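Hi,

Here's the structure I said I'd pass along. Have a look at it first, and my notes on what turned up follow underneath.

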Amino acid sequence: MSGPNTNYDPVEVAPLSAESLAEMVAEARSAFAAADTVAALKQARSEHLAERSPIALANREIGALPPQARKDAGQRIGAARGEIQAAFAARQEEVAAAELALTLAAEQVDVTLPVSRRPVGAPHPITALMDLMADVFVAMGWEVAEGPEAEGEWLNFDALNLDSDHPARGTTDTLFLSPLERHVVLRTHTSPVQIRSLLDRELPVYVVCPGKVFRADEFDSTHVPVFHQIEGLCVDKGISMAHLKGTLDHLARQMFGDVRTRMRPSYFPFTEPSAEVDLECFVCHGASVGNPDAPCRTCRSEGWIEWGGCGVVNPRVLAACGVDTAVYSGFAFGMGIERTLMFRNNATDMRDMVEGDIRFSRQLKGAAR
Amino acid sequence: MRAPLSWLREYADLPEDITGRELAEVLIRAGLEVETVDEFGADLDGPLVIGRVLDFVEEPQKNGKTIRWCHVDVGEHNGPEGNRGIVCGALNFDVGDHVVVALPGTTLPGGFQISARKTYGHISDGMICAEDELGIGDDHTGIWVLGEANDAGVPWTPGVLAVPALGLRDDVLDIAVTPDLGYCFSIRGLAREAAQALEVRFRDPVAKPVPTAVADGYPIDLRSENCPLFVALGVDGVDPGRPSPIWMKLRLRQAGMRSISLAVDITNYVMLETGQPLHAYDAERLAGPIVVRQAGTGETLVTLDDVTRQLDPDDLLIVDDSGPIGLAGVMGGESTELRESTTRIVVEAAQFASGSIARTSRRHKLGSEAAKRFERGVDPAAAYAAAHRVAELLASLAGGTVSEAETVVGAVSTPPRTSIQADLPTRVLGMPVSRERVIEILEASGVDVVALGDTLTLTPPTWRPDLRDPYDYVEEVGRKTGLDLLPSVVPAAPVGRGLTRAQRLRRQVDAALVGAGFVEVLCFPFLGTEALDRLQVPADDQRRRLARLENPLADTEPYLRTTLLPGLLAAVARNTSRGNTDLALFETGSVFLGGQEAFAPLPSVDGRPSDEELAAIQAALPVQPTMLGGVVTGEWVGAGWQGPAVAAGWQQVVDAVQVAGRAVGLELTPVHAELAPWHPGRCARFEADGRVLGYAGELHPTVCEAMGVPARTAAFEIVLDTLLTVAPGAGSLDVLSTHPIAKEDVALIVSADVPAADVATALRAGAGELLESLALFDVYEGPQVGEGKKSLAYALRFRAPDRTLKDAETAAARDAAVATAAERFGAVQRTL
């Protein structure tokens, strides 16, 4: 602390002069501006703001001033220091941003490089389609029923009103487990699951039965001995063929958009009346019929696509399952999954569906499944 | 059944202008499956005319052939010389014969254009046609010689157009007859359906009722209930040299049958027309009465197709004193076949039980036209009239005399009656059909309807054995009303339970594997023991519990699969051969474990079988668990700019099983195992809830070679049913601790053969409840840990639910973990 010095003129202390301070500020500013890296800026900061910087040294001189002059000088130095600090902060922000920009630029990669090396999985189109069709019915409150593929002959034939002389029961059509007297077959349709449903479930019954079926068939581009079906069965009070029509129309709309179905009278032992169900062509809606200029490959310009079989459940079938035919009636229908896949997704060779070539399953993506 | 439109017109008053295609639409709506409509003769175009051969010169050619240079009179088409010169290669005609001539400008079937052309040194001004060239027959042994006059006896006029003169143009409907509509295997039945659908008049070609038994003619003895009716007529003085008339040959051809001889053609023609199969015996070759009986064991018969048949007691036979002479309703025998010299004929028209004929036809793999009809049911009331129609045609076309003496044994059985409420069709179809309309439709179908109030008592006609139950009549009303009129009503199902738990979990497992990179395949479930041998499956393994097929599709694969692996490996081999070398395949499917002794019963269908019967059916079935299998080979991760390829192997299949487990909420831990077909040192077994789930690992190198798949192919197979059963329930969501985590790493030196999973289990057990997670981050074997040892480095993370752990607590838990590992496996902590 200096002694009393009443007549001390602060102007005499050179570093505290306004000019001198303004020069310090200017020098600091230009030093900061010249620093273009964080490191250089740090160096400039230590030169112009740290302990040994001119402004810090000037601050020390305040003590040498007479008390009445100190306030004035302190304010001048404070202001100058504030200016330098603000200049530093501003520059620091600029330099950091520029440096980050440089870093980011240096870190650029080629995002078009192939990155995924994981194998690409896929469900089989048959499984996917079977699930999709089953879901239409689950949404209506129906349930999905399942049963064994090696099945009792009674469940596959007798209960379905195919008596022992029926041609389908021959070894030319049906695969039998050995010996024949064992009366076990590889199910020729998923209808035995309908029988099991009627035997096991409480009425009313609303079930769909998707699954694998077997025929002693040739194996070529349009026939496979092992294929898939989905069948439906509804047994309730007051069920008529009109309900069958409504159900098939609903399924058709869910699967193919705004299309109708058509029934043609036919024959199956397990339904009476029986019908074949045709699907209105969902591609041309019949516009290709008699119009050679715009042929339709999906329906072969016939306007309708054969889809499956259906009918009112034969009361003999209900009786064989112990259902009171005076109270209950029902309908049933069935269609081939492979066939549906063929016209829905343009599959042309059935062998592709069973040979396990990964390219086949990988073709169907997203909603196409 | 192929039905020419002109033939249908004989018995149904069809509209003059209706075409085959239009009629097809009408019949389809009525439930007949018209597959095609052939426009027979529609491709014959231009000056195809009748000609008369005026003269010819035979000219041998250098190529060894002899041709005829003919002059043919073609009437108004003659050239300036009063004829046309035509070269003909056939030699089967004489001067004065009438022939069919395709003059230049004619188009024959297949778009074959006829023009004048130079051949064998002449200008041939047209072509004399053979049957096959006109598309009406297969015969190309010579040209078609027409004779002097047409079928009506009017002499041919040279130059008239052949298509109308010979009736070559017709539409033919090809109909797939469903098993219930056997009567539509005839022109009679189809004409009736067409007439009913178009509401026009129908004339029945079978209008003669069967008389009561007569025994004046050839002696007949019926000894089996499978033959309730037999009609025999004799025709004498048949001229065996007469050809079949053109109209008959054309009709047979259009119906898809070949012309054989006049007598045989007549029986076939009448069968097509009436639906009644007929047989003609050479009376000279019959010995004693015709007997119908069941075959005896060991009897044989040489059928018309020259095959010796070993007969079964279930076969119905026609025999005479010489032994078997025919397989009833299926095929005649050689010994009484008509010959070129036959002048005396016995015509058979009989009724045979459909089931018996169906079995015999199948047993002997003989699908004759007769069997096809008897199997579906033949109108018994047609037998007598059909036999007479044959006899009359033999008389009028072959010059025979119908014997007055005839034999009729048996009778037409009365079809069973039933009754329905008049509103049954309305209720079952779900569309209104009035009582009057129901009666009208059924009567038009030949049903005898007795209406008493709303109760209709119904007796079907003899040709409709399919009309038996009330619903059969509903179908008849439905198809004749038109199913296209049905309203569309969605039934309201009761609230459903959605997919079952197992169904949902199955989809989750599939989706998880697909997400993990596996492609689903669907393989045939057939198996040969050779595949099991190649997989080195031992004799006592349950995968040898095979269920055999009686009639396998391939003799090399007579069993049902007991494992998914052969199918998956075959798919691998197929893929790799097609250049798809990097594979991850999976399949979900049934396997079949045989060994059941029980036979399934065939209970009555009159009511629900007893629980015992249903249990007995179940006991005869193979056990059929659903399996999940997969296989990987090639590169799991392909070589990329980021780094080298990662080969697919045991790791990926172990992971796949764990992915499947995680999809249903299970953390599955592998244990070392040895089982074929896996590599003994690279096979993991998975268990859950004390049950074996299955195995995963690299395949044995010998197996890879034997199965033709790349070395180091790896596979897994687990019992999906078991996985889904042991999958945990809903679970609970615990409160999460927000206190800080404490990390501790430890490295343990253990003997090299100690499984890492066991060490991890010991650490977990020792660490206690504070341990949040544990991860193996390094495995080291080498000089620093010593021979036969390995170092396993684990990262342990500790956290308490209610406080920040103190260092001492964490250290104590870590030490306890290490101590347990030390105690169980002699693990020594290594300084990291």
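Here's one to try by eye: is the crossing of H14(B) and H18(B) left-handed or right-handed? Keep in mind while you look that this is a predicted model.

It's right-handed, that crossing of H14(B) and H18(B). To find the pair, go to residues 501-515 of chain B for helix H14 and residues 650-663 of chain B for helix H18. Their axes come within 8 Å and cross at roughly 140°. Since angles have to be over 145 to count as roughly antiparallel, H14(B) ends up oblique to H18(B).

As for who touches whom, H14(B) brings B:Gln508, B:Val509, B:Ala512 and B:Leu513 to the contact, and H18(B) brings B:Ala656, B:Val659, B:Ala660 and B:Ala663. By type, the residues of that contact split into 7 nonpolar and 1 polar, with no charged ones.

Now zooming out to the chain that holds both helices. Chain B has 22 helices and 42 strands. Its radius of gyration is 41 Å, while the globule rule gives 28 Å for 832 residues, so chain B is more spread out than a compact globule. If you're setting up a box, the C-alpha atoms of chain B fill one of roughly 125 × 80 × 55 Å along the principal axes.

Two last numbers on the packing: 44% of the 832 residues of chain B count as buried. And among contacts in chain B between residues at least 6 apart in sequence, 71% link residues at least 24 apart.

Cheers

How values were computed
Residues numbered from 1 in each chain as written. Chains lettered and ligands numbered in written order. Predicted model: local features only at pLDDT ≥ 70, side-chain atom pairs only at ≥ 80, totals over all residues. Axes fitted to C-alpha atoms, helices over the stretch in contact; angles between N-to-C directions. Helix = DSSP H or I, 4+ residues; strand = E, 2+ residues; numbered from the N terminus. Parallel < 35°, antiparallel > 145°, perpendicular 65-115°, else oblique. Left-handed = near helix turned anticlockwise from the far one by under 90°. Contact = placed C-beta atoms within 7 Å. Nonpolar A, V, L, I, M, F, W, Y, C, P; charged D, E, K, R; others polar. Rg over C-alpha atoms; globule rule 2.2 N^0.38 Å. Buried ≥ 20, exposed ≤ 12 C-beta atoms within 10 Å, placed from the backbone.
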